[in-house]
Amino acid sequence: MLGITSYGMYLLASILMHATPGVDTMYIMGRSVAQGRKAGVYSVLGISTGVFVHTLLAAFGLAVILQQSVVLFTAVKIAGAAYLVYLGIKMMRQPAPPALESEKLAPMKLKKIYWQGVTTNVMNPKVALFFLSFLPQFIQTDQPYGPLPFLLLGLSFVVTSTMWGLGVVYVTALATKRVRQNAKMALLVNRLTGIMFIGLGVKLLQTKAS
């Protein structure tokens with residue numbers, strides 16, 4: 001099928017990978033816990049956009065540079081980790097929101113959440129390396145379609161990851177709705193979410209180039 005082999009196995013493997021908690025899933029959960037379902041949805045859309053960017057990089061070979069350059073890998077890793085730590089500190093310093101504020105987020109705030117999701121995903125070098133190592137396993141070596149198989153597999157990954165992310169948002173936001181309506185609890189959630197983001201940044205910083 002257009003240079004792709006074992007597509008069903010690819011979809012199954014993608015779903016299993018989504019179910020394994022990582023930086024993206026934890027970021028989505030953090031936003032959903034702290035600010036509710038709408039914020040979680042925008043974070044999912046941002047991360048899905050970031051995955052699409054990585055798809056384009058892998059399809060057209062630009063990600064190979066990242067794979068072969070330890071200096072560039074390290075630079076991207078440090079930038080991504082610093083950004084997560086910055087978000088964590090910002091969350092910890094944020095005052096307690098009024099009840100149900102998550103339902104009244106201004107468009108600008110939602111836009112900022114979206115771009116934070118994009119940045120978090122794009123600046124994670126592990127995602128680029130994952131695409132380079134994972135996608136070729138499902139592409140025929142003698143296929144005549146150029147970057148098309150990479151794009152199709154990448155788009156499939158975007159769709160499945162978006163569906164998984166929205167499911168995480170719904171469950172997380174629903175489970176923590178009453179917590180966000182309590183000002184003191186909301187403040188505590190912001191602090192814990194900030195600590196989690198800082199932890200994700202430290203974890204990303206420990207990633208080593210292969």
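This is a short tutorial dialogue on reading the helices and two residues of a predicted model.

User: Where do I start? How many helices and strands does the protein chain have?

Analyst: Start by listing the secondary structure. Remember that you're looking at a predicted model. Here the protein chain has 10 helices and 0 strands, so the pattern along the sequence is just α repeated: α-α-α-α-α-α-α-α-α-α.

User: What does UniProt list as "transmembrane region"?

Analyst: That comes from a record, in this case an unreviewed entry. UniProt lists residues 6-29, 41-65, 71-92, 113-139, 151-173 and 185-205. You can then hold one of those stretches up against the model. Take residues 151-173: the chain there is 100% helix and 0% strand, with the end C-alpha atoms 32 Å apart.

User: Okay, next: how do I read the way two helices pack?

Analyst: Look at how far apart the axes are, then at the angle, then at the handedness of the crossing. Let's use α8, residues 148-175, as our reference helix. Helix α3 (residues 37-59) has an axis that comes within 9 Å of the α8 axis, and the two cross at roughly 165°. Angles over 145 degrees count as roughly antiparallel, and that's why α3 is roughly antiparallel to α8. The crossing of α3 past α8 is right-handed. As for who's in that contact, there are 16 nonpolar, 7 polar and 1 charged residues.

User: And how do α1 and α8 lie relative to each other, parallel or oblique?

Analyst: Helix α1 covers residues 7-18, and its axis comes within 10 Å of the α8 axis, crossing at roughly 40°. The pair is therefore oblique. Again the crossing is right-handed. On the α1 side you'll find Tyr-7, Tyr-10, Leu-11, Ser-14 and His-18; they meet α8 residues including Leu-153, Phe-157 and Trp-164. By class, this contact holds 6 nonpolar, 6 polar and no charged residues.

User: Which residues of α2 meet α8?

Analyst: From α2 it's Thr-25, Ile-28, Met-29, Ser-32 and Val-33, and their partners in α8 include Trp-164, Gly-165 and Val-168. This contact splits into 7 nonpolar, 4 polar and no charged residues. For the geometry, α2 (residues 23-35) packs on α8 at about 35°, with the axes 9 Å apart. The crossing of α2 and α8 is right-handed.

User: Now single residues. Is Leu-135 buried or exposed?

Analyst: Check the relative accessible area, where under 20% means buried. Leu-135 has 0%, so it's buried. You'll find Leu-135 in the loop between α7 (125-134) and α8. Beyond its close sequence neighbours (up to four places away), Leu-135 touches Tyr-10, Phe-130, Phe-150 and Leu-153. Compare sequence with space for one partner: Leu-135 and Phe-150 are 15 residues apart in sequence, and their C-alpha atoms are 6.7 Å apart.

User: What about Thr-49? Where is its place?

Analyst: Thr-49 is in helix α3. Its relative accessibility is 26%, which means it counts as partly exposed. Leaving out residues up to four places away in sequence, Thr-49 touches Tyr-114 and Val-118. Thr-49 and Tyr-114 are 65 residues apart along the chain, yet their C-alpha atoms are separated by 9.1 Å.

User: How do I zoom back out to the whole chain?

Analyst: Use the totals. Of the 210 residues in the protein chain, 44% are buried. Among contacts with a separation of 6 or more, 87% join residues 24 or more positions apart.

Note on methods
Residues are numbered from 1 along each chain as its sequence is written. This is a predicted model: local features need pLDDT of at least 70, side-chain atom pairs count only at pLDDT 80 or more; totals for chains, interfaces and linings use all residues. Side-chain values use heavy atoms; hydrogens and water are left out. UniProt positions are given in the numbering used here, feature names are shortened, and annotations may be inferred rather than shown by experiment. Helices (H or I, at least four residues) and strands (E, at least two) are DSSP runs, numbered from the N terminus. Axes are lines fitted to C-alpha atoms, for helices over the stretch in contact, and angles run from 0 to 180 degrees between N-to-C directions. Angles under 35 degrees count as roughly parallel, over 145 as roughly antiparallel, 65 to 115 as roughly perpendicular and the rest as oblique. A crossing is left-handed if the near helix is turned anticlockwise from the far one by less than a right angle, and right-handed if clockwise. Ala, Val, Leu, Ile, Met, Phe, Trp, Tyr, Cys and Pro count as nonpolar, Asp, Glu, Lys and Arg as charged, and the others, Gly among them, as polar. Buried means under 20% relative accessible area, exposed over 50%, partly exposed in between (1.4 Å probe, protein chains only). Contact means heavy atoms within 4.5 Å.
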